[in-house]
Amino acid sequence: MLYELIAVVRPFIPQGKNKAVKSSLEDVKEIAKTAGALILQDGGAIRGIKNWGIFGLPKKVYKHQTFYTDGHYFVMRYDASSKTQDKVRQTLSLDPRMVKFSSVKLGDGTLESISKIEGTVPWNNMDKKLEL
């Protein structure tokens with residue numbers, strides 16, 4: 001099955017009162033690497049990963065005793081079994097760096113339908129190829 005994971009990671013890492021704020025890009029890389037390792041270990045394939053950057057959340061989210069109004073978004077498309085999909089979801093739900101995530105199955109499960117879906121995930125009109 002082909003899945004698309006959209007994940008939102010905390011946009012900063014608090015370092016204390018008078019210390020600098022650490023970027024969330026390292027967290028995004030670690031989380032994507034962890035999810036990718038689970039997929040690859042179970043015989044799946046990663047089609048593409050795209051870092052969308054930090055954006056505002058649609059509404060304020062309370063997670064791990066903190067309110068979040070922004071999040072660092074990334075998207076991953078991958079082929080995996082439903083058992084592997086459950087492992088990825090469970091791992092992400094236990095990670096305190098995650099603010100939100102959602103994964104959906106793309107296509108109807110037939111090879112013909114999922115072979116038409118690209119691995120790249122466009123973010124805006126600049127990423128899409130215009131067809132006339």
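Start with helix H2: select Lys 83, Asp 86, Gln 90 and Leu 94, which are exposed on one side of this helix. The model on screen is a predicted one. Now select Thr 84, Gln 85, Val 88 and Leu 92, the buried residues of H2. Looking down the helix axis, these buried residues fall within an arc of 105 degrees, so they line one face of H2. Keep them highlighted and show what they pack against: strand S1, helix H1, strand S5 and strand S6 (98–106). To check the helix itself, take the C-alpha atoms at its two ends. They are 19 Å apart, which agrees with the 18 Å that 13 residues should span at 1.5 Å a residue.

**The whole chain**

Zoom out and colour by secondary structure. The protein chain has three helices and six strands. Following the chain from the N terminus, the order of elements is β-β-β-α-β-β-α-β-α. Of its 132 residues, 37% count as buried. How many of the contacts between residues at least 6 apart in sequence join residues at least 24 apart? The share is 70%.

**Helix H1**

Select H1 next. Its 17 residues should span 24 Å at 1.5 Å a residue, and the end C-alpha atoms are 24 Å apart, which agrees. The buried residues to pick here are Asp 27, Val 28, Ile 31, Ala 32, Ala 35, Gly 36, Leu 38 and Ile 39. Around the axis they cover an arc of only 160 degrees, which puts them on the same side of H1. Turn to the other side of H1 to find Lys 33, Leu 40 and Gln 41, which are exposed. Then step past the end of the helix to Gly 43, which follows H1 and has a positive phi near 85 degrees.

**The nonpolar cores**

Hide the backbone for a moment and show side chains. The largest nonpolar core has 17 residues, and Phe 74, Met 76, Tyr 78 and Val 88 touch the most other members. Which elements each supply at least two residues of this core? They are strand S1 (2–9), helix H1 (25–41), strand S5 (66–79) and helix H2 (82–94). H1 gives the most, with six residues.

Centre the view on Tyr 78. Beyond its neighbours within four places in sequence, Tyr 78 is in contact with Met 1, Leu 2, Tyr 3, Leu 5, Ile 39, Ala 45, Ile 46, Arg 47, Gln 85 and Val 88. There is also a second, separate core of eight residues, with Val 8, Tyr 68, Val 75 and Val 99 among them.

**Strand S4 at Ile 49**

Move to Ile 49, which lies in strand S4. Leaving aside neighbours within four places in sequence, Ile 49 is in contact with Val 75 and Met 76. Add Glu 4 to the selection: the C-alpha atoms of Ile 49 and Glu 4 are separated by 9.7 Å, although the two residues are 45 apart along the chain.

**Aromatic pairs**

Show the rings of Phe and Tyr. How many aromatic pairs does the structure hold? There are three. For one of them, select Phe 55 and Tyr 73: the ring centres are 6.4 Å apart and the planes stand at 70 degrees, so the pair is edge-to-face. Phe 55 lies in strand S4 and Tyr 73 in strand S5, so this pair ties together parts that are 18 residues apart in sequence. Is each ring's residue buried or partly exposed? Phe 55 counts as partly exposed, at 33% relative accessibility, whereas Tyr 73 is buried, with a relative accessible area of 14%.

Another pair is Tyr 62 with Phe 67. Here the ring centres are 4.7 Å apart and the planes are at 50 degrees, so the pair is tilted. Phe 67 is exposed, with a relative accessible area of 55%. Add Lys 60, which lies over the face of Phe 67 at 5.2 Å from the ring centre.

**The loop between S4 and S5**

Finish at the loop between strand S4 (45–63) and S5, where His 64 lies. His 64 is not a glycine, yet its phi is positive, at about 55 degrees. At 41% relative accessibility, His 64 counts as partly exposed. Select Gln 65 as well, which has its place in the loop between S4 and S5. Gln 65 is not a glycine either, and its phi is positive at about 60 degrees. With 72% relative accessibility, Gln 65 counts as exposed.

Definitions and conventions
Residues are numbered from 1 along each chain as its sequence is written. This is a predicted model: local features need pLDDT of at least 70, side-chain atom pairs count only at pLDDT 80 or more; totals for chains, interfaces and linings use all residues. Side-chain values use heavy atoms; hydrogens and water are left out. A nonpolar core is a set of buried Ala, Val, Leu, Ile, Met, Phe, Trp, Tyr and Cys residues joined through side-chain atoms within 4.5 Å. Buried means under 20% relative accessible area, exposed over 50%, partly exposed in between (1.4 Å probe, protein chains only). Helices (H or I, at least four residues) and strands (E, at least two) are DSSP runs, numbered from the N terminus. Contact means heavy atoms within 4.5 Å. The expected span of a helix is 1.5 Å times one less than its number of residues. The arc is that of the directions from the helix axis to the C-beta atoms. Rings of Phe, Tyr and Trp (its six-membered ring) pair if their centres lie within 6.5 Å; planes under 30 degrees apart count as stacked, over 60 as edge-to-face and the rest as tilted. A charge sits over a ring if NZ of Lys or CZ of Arg is within 6 Å of the ring centre and within 35 degrees of the ring normal.
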